[in-house]
Amino acid sequence: MRFPLHITTDMIKHQIRQGLKGNTRYPFVLMLEPLYTCNLACLGCSVERHTGSIEDRLTLEECLKAADDSGAPVVSLCGGEPTIYPELKGLVEGIIARKRHIYLCTNGLLLDRNVYGQITPHNRLTINIHMDGLRRTHDQVCDREGVFDKALEMIKEGKRLGYRVTTNTTIFKETDLDEVEALCRLLREYQVDGMLLTPGYQYASIESDIFLAREEIHQKFRKVLELSKRYRLTSTPMFLEFAAGLREYPCSPWSTVTYTPQGWKGPCYLIGEKYFRTFEEFWQSMDWDYWESRQDARCQNCKMHSGFEASVVLGLRNSPKDMLRMAIWNFLE
C-alpha cells in the first residue's frame, strides 16, 4: 500500500464524521510549528522560520490544545526544526495518545541525538526528511556542507530501527529534473516509504527569484508526472495532473491549518495575513469563499499540496473514475 491502512481508514472516518455533522469545510492536517528556531538557514525558507529564539517556543500544553482544537487527523510537526524542541518526546507521545498521525518534518541533523533511541517507533509516526537534490545541490540549498550525507545516514538508520521514513523534495525554478530522478533512484535503494515532490512556495520575506511561476510549474510537473509512474511518490495522480496544468481545482485553504508561536495563521500555511489567539477566532474570521476562489494576487502561482490535495480527495465523490484510480494508486501500486 502507498499509505498504511490505518491512515487511509482514519482519513475516511474523519470525512464521514464531518459529513454527518453537515460540515463542508474542516481541517485535514494541522501544521504545528512549536518553534521558529532552526540549525539551518535554507535558501527557500522564510526568515521568520529559522531566526526565532527557543525561549519563544510554544509550550507542550499549547501544542496539544492546538491538536485538540483543530481536530485534524494528521499533525505535521515543522517549524523551525522540530527536533530542537525540548519537549518533543512528550509532544509526539501526546499526539499519538490522541490517535492522530504525525509527520515529523526534519532536516535530519539531530535525529540520532533527539529522536532515535528517545522516541519509540510507532505506526502513527512518520519521519519526513528534507532532500532537495543530490549532494552538491542539497548542501547548497541548505547552505552547509555535509547535510546530504547526514540525511542519508539518518534515513538508513531510521529504517534499521523500524521507523516509517519518507522524504520531501521542493522543486525550484533551477531544479534539474534529471537530478531529481537520480535522487528518486537513490532513495528507492534506501527503501524509503514514500517521496513527496512539491512546487516551491514563495514567502514574502524571500527576495531571491528561485520560485516557479504557473507555467514553469506545469512544465516541471509534466516530468514529475512521468516519474510518478516509476517511483513511490506520495502525491496523488490527480494532484500531479493539476500541478502539470492538466486539470483544475479550487483551493481548500481550510484543509491545512497552521499553529505557530504567533498564534493561528490565516488564511493559510503560506500567507500570514493575520494571526489569531484562538482557533475559533481564526476559523470564524476567515473569508473562506474569497480564499477558495484564488482571486488574490498572492494565490496566482500557488499549486501547493497543502491547499489542493484535500480538493482532490473531496472531488472524488463526483468522479467514480477518479475514485477507482485513487484506490488502485493507494492499494495496488
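This note sets out numbered points on a predicted model of a single chain.

1. Overall dimensions. The chain has a radius of gyration of 19 Å, while the globule rule gives 20 Å for 333 residues; the two values are close, so the chain is as compact as a globular protein of that length. Along the principal axes, its C-alpha atoms fill a box of roughly 50 × 45 × 40 Å. The secondary structure consists of 13 helices and nine strands.

2. Burial and contacts. Of the 333 residues in the chain, 57% are buried. Among contacts with a separation of 6 or more, 74% are between residues 24 or more positions apart. The chain exposes about 15,000 Å², and carbon and sulfur atoms supply 50% of that area.

3. Strands E2 and E3. Strand E2 covers residues 74-77 and pairs with E3 in the parallel sense, over four bridges. Within this pairing, Val-75 has Ile-102 of E3 as its bridge partner. Strand E3, residues 101-106, is mostly covered, five of its six residues being buried.

4. Strand E5 and its two partners. Strand E5 spans residues 164-171, and seven of its eight residues are buried, so the strand is largely enclosed by the rest of the structure. It pairs in the parallel sense with strand E4 (residues 125-130) over five bridges. It is also joined by five bridges to strand E6 (residues 195-199), again running parallel. On the E4 side, Asn-128 stands opposite Thr-166 of E5; on the E6 side, Thr-170 stands opposite Thr-198. As background, side chains in a regular strand alternate between the two faces of the sheet.

5. Cis peptide bonds. Most peptide bonds are trans, and most residues other than glycine have a negative phi. Against that background, two peptide bonds deserve inspection. The bond joining Gly-79 and Gly-80 is cis, with omega about 15°. Gly-80 belongs to the loop between E2 and helix H3 (88-97). The bond from Gly-266 to Pro-267 is also cis, with omega near 10°. Pro-267 is part of strand E8, residues 263-267.

6. Positive phi at Lys-99. Lys-99 is not a glycine, yet its phi is positive, at about 60°. This residue is located in the loop between H3 and E3. Is Lys-99 buried or exposed? Its relative accessibility is 60%, and because the threshold for an exposed residue is over 50%, Lys-99 counts as exposed.

7. Positive phi at Asp-143. Asp-143, likewise not a glycine, has a positive phi of about 60°. The loop that holds Asp-143 runs between helix H5 (135-142) and H6. With a relative accessible area of 58%, Asp-143 is exposed.

8. Environment of Lys-150. Helix H6, residues 147-161, contains Lys-150. Why does Lys-150 count as buried? Its relative accessibility is 18%, and the buried class takes in residues under 20%. Once its neighbours within four places in sequence are set aside, Lys-150 is in contact with Gly-108, Leu-109 and Asp-112. Phe-3, which is 147 residues from Lys-150 along the chain, has its C-alpha atom 26 Å from that of Lys-150.

9. Nonpolar surface patch. Which residues make the nonpolar surface patch? They are Met-1, Leu-5, Leu-324, Ile-328, Phe-331 and Leu-332, and the patch has an area of about 590 Å². Helix H13, residues 320-331, gives the most to the patch, with three residues. Leu-5 is placed in helix H1, residues 5-20. The relative accessible area of Leu-5 is 46%, and the residue is therefore partly exposed; patch members must have over 30% relative accessible area.

10. Points for the reader to inspect. On backbone geometry, the places to view are the cis bonds at Gly-79 to Gly-80 and Gly-266 to Pro-267, together with the positive phi values at Lys-99 and Asp-143. On the strands, E5 can be viewed with its parallel partners E4 and E6. On the surface, the nonpolar patch that includes Met-1 and Phe-331 can be viewed alongside helix H13.

Methods. Residues numbered from 1 in each chain as written. Predicted model: local features only at pLDDT ≥ 70, side-chain atom pairs only at ≥ 80, totals over all residues. Heavy atoms only, no water. Patch = residues over 30% accessible without salt bridge, like charges linked within 9 Å, V, L, I, M, F, W, Y side chains within 5 Å. Areas by Shrake-Rupley, 256 points an atom, 1.4 Å probe, with all protein chains shown as cover. Salt bridge = Lys/Arg side-chain N within 4 Å of Asp/Glu carboxyl O. Helix = DSSP H or I, 4+ residues; strand = E, 2+ residues; numbered from the N terminus. Buried < 20%, exposed > 50% of the residue type's maximum accessible area, 1.4 Å probe, protein only. Rg over C-alpha atoms; globule rule 2.2 N^0.38 Å. Contact = heavy atoms within 4.5 Å. Pairing = 2+ DSSP bridges.
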